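Open the model in your viewer and keep the selection panel at hand. The stops below go from one to the next.

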Amino acid sequence: MIKAILVFNNHGKPRLSKFYQYFNEDMQQQIIKETFQLVSKRDDNVCNFLEGGSLIGGSDYKLIYRHYATLYFVFCVDSSESELGILDLIQVFVETLDKCFENVCELDLIFHADAAHQVLDELVMGGMVLQTNMADILCRLHEQNKMQKAEAGLSAAPARAVSAVKSMNLPQQLRDMKLPDLPQAIKDLKF
């Protein structure tokens, strides 16, 4: 099972984090800091697997990571997960982000965190891998974007109605309205 997914830059600043086990916010920050220290001090020519830090479970858990340009993508997993499978999952995650943002970079994760989390949620839910087919993931994201645009159109309907009422110039229409003479109207009523 996946315990946490962390993405941080070369300076240890978290750009995306998702924990599938509860940790309070201070503990999450300490885990990110410890994970960065463990991963960043490793050479680029060593394997991408290492034991988890003391805060995230020690030797019972593994950190599997990839370093792309200025970003580290780190998955903390238990012993039931395949290291090579998780490396492949990281590759699918990065390639999907690449397709969504056209050459994903750190700024994309900062300014479009919601889209990055959508991609991640299509891949992994509750610590379990859901989907690894990039075409299916992109199709689901496209469908979600279409629904959001349709909902945005519906949510804009009240604003359009208010605008239409404002453009009707109601005060002038009320002044121009011809009301019947009240006494005559009463005479015309038959009881």
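Which helix gives the largest share of the lining of the largest pocket? Select α5: 6 residues of the lining come from this helix. Before going on, note that this is a predicted model, where local features need pLDDT of at least 70, side-chain atom pairs count only at pLDDT 80 or more, and totals for chains, interfaces and linings use all residues. Residues are numbered from 1 along each chain as its sequence is written, and side-chain values use heavy atoms, with hydrogens and water left out.

**Stop 1: the pocket**

Show α2 (83–101), α4 (113–123) and α5 (134–155); each of them supplies at least two lining residues. Now pick the lining itself: Cys 100, Phe 101, Ala 115, Gln 118, Val 119, Leu 138, Leu 141, His 142, Asn 145, Lys 146 and Lys 149. A pocket here is an open set of points on a 1 Å grid over the protein atoms alone, with protein on both sides within 12 Å along at least five of seven lines; lining residues have an atom within 4 Å of a point. The volume is about 170 Å³, taken as the space filled by probe spheres set on the points. Color the lining by class: 6 nonpolar, 3 polar and 2 charged residues.

**Stop 2: the whole chain**

Zoom out. The protein chain has 8 helices and 7 strands, which are DSSP runs (H or I, at least four residues, for helices; E, at least two, for strands) numbered from the N terminus. Of its 191 residues, 33% are buried, that is, under 20% relative accessible area with a 1.4 Å probe, protein chains only.

**Stop 3: strand β1**

Select residues 2–9. All 8 of the 8 residues in β1 are buried. On one side, find β5 (residues 71–78), antiparallel to β1 and joined to it by 7 bridges; strands pair if DSSP finds at least two bridges between them. Asn 9 faces Leu 71 in β5. Next, add β2 (residues 14–19), also antiparallel to β1, with 5 bridges. Here Val 7 sits opposite Leu 16. β1 and β2 make a hairpin with 4 residues between them. Click Gly 12 in the turn: its phi is positive, about 85°.

**Stop 4: Glu 106**

Go to helix α3 (residues 106–111), where Glu 106 lies. Is Glu 106 buried or exposed? Glu 106 counts as buried because its relative accessibility is 17%. Show its contacts (heavy atoms within 4.5 Å). Leaving out residues up to four places away in sequence, Glu 106 touches Asn 9, Arg 15, Thr 70 and Leu 71. Asn 9 and Leu 71 are the opposite residues from the β1–β5 pairing.

Conventions: Buried < 20%, exposed > 50% of the residue type's maximum accessible area, 1.4 Å probe, protein only. 1 Å grid on protein atoms, 1.4 Å probe; cavity = no way out; pocket = protein on both sides within 12 Å on 5 of 7 lines; lining within 4 Å. Nonpolar A, V, L, I, M, F, W, Y, C, P; charged D, E, K, R; others polar.
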